[in-house]
Amino acid sequence: MNSTADGSDDVLRLAPASGVAARRLVILLHGVGSSGADLMPLAQAWRGALPGTAFVAPDAPQPFDLGNGRQWFSIAGVTEENRPARVAAALPALAELIETERQRAGVAPADVALVGFSQGSIMALHLAMTDPERCGAVVAFAGRIAAPVATPDGAGRRPPVLMVGGAADSIMPPAVVQAAAAHFRSAGFAVEEHLLRGVPHTITAAGAQLGLSFLERVLPSA
């Protein structure tokens, strides 16, 4: 495990299976109360199919204030009204992390994919909405948006977005997944959306395969 530049967060890194310099970078963003290590099995599962891709799985900057693990923003007392401000306040740290890891890997912003679960998906989706040229693709497992946010008029590139939700997810129910997908489409993003029957708040093997297939299509020569 390696420390980021400021020494406050830990980042797990997995080099490309090809053994040469990375051509693409996948940044895995975990859910609340979790850690980067919890998403590393995705990197291990995908690595062989994406041989030119490096993977990083950072711990979120803040300790989870309701238990063990880490958080991108606090959910203590969170409401529909105050969630957007909390997400907005957390975005600069995520943007800085992405830039640090992108430069470390030596790839272009268009060659960076953000893959999130739950709160990590919220962060990835809001980053793509507000700063779309910072990444080349987004995979959001069990994700939503805190509130519709306008994408800058001058943005020249809008990354394709994959949303994978569970039809039996009580934490991120289908309605919020569908609402997020609809907002991205209205803002000119290409969106692929899947609701998996009987799936609760988790990433299943079927969901992971959807994520891999999407990245194979949108990150050529990955």
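Helix axes are taken here as lines fitted to C-alpha atoms, for helices over the stretch in contact, and the angles between them run from 0 to 180 degrees between N-to-C directions. In the predicted model, the axes of helix α2 (residues 83-105) and helix α3 (residues 119-130) come within 10 Å and cross at roughly 85°. Since angles of 65 to 115 degrees count as roughly perpendicular, α2 and α3 are therefore roughly perpendicular to each other. The contact brings Val87, Ala90, Leu91, Leu94, Ala95 and Ile98 of α2 against Ile122, Met123, Ala124, His126, Leu127 and Thr130 of α3. Of the residues in this contact of α2 with α3, 10 are nonpolar and 2 are polar, while no charged residue takes part.

A second arrangement involves strand β9 (residues 161-166) and strand β10 (residues 191-196), which run parallel and are joined by 6 bridges. Among the residues so paired, Gly166 has Leu196 in β10 as its bridge partner. Together with helix α4 (residues 174-186), β9 and β10 make a β-α-β unit, and this unit is right-handed.

Considered as a whole, the chain contains 5 helices and 10 strands. Its C-alpha trace spans about 45 × 40 × 35 Å along the principal axes. For 222 residues, a radius of gyration near 17 Å would be expected of a compact globule, and the 16 Å computed for the chain agrees with that value.

Note on methods: Residues are numbered from 1 along each chain as its sequence is written. This is a predicted model: local features need pLDDT of at least 70, side-chain atom pairs count only at pLDDT 80 or more; totals for chains, interfaces and linings use all residues. Side-chain values use heavy atoms; hydrogens and water are left out. Two strands pair if DSSP finds at least two bridges between them. Helices (H or I, at least four residues) and strands (E, at least two) are DSSP runs, numbered from the N terminus. A crossover is right-handed if, with the strands pointing away from the viewer, the path from the first strand over the helix to the second runs clockwise. Angles under 35 degrees count as roughly parallel, over 145 as roughly antiparallel, 65 to 115 as roughly perpendicular and the rest as oblique. Contact means heavy atoms within 4.5 Å. Ala, Val, Leu, Ile, Met, Phe, Trp, Tyr, Cys and Pro count as nonpolar, Asp, Glu, Lys and Arg as charged, and the others, Gly among them, as polar. The radius of gyration is taken over C-alpha atoms; the globule rule is 2.2 Å times the number of residues to the power 0.38.
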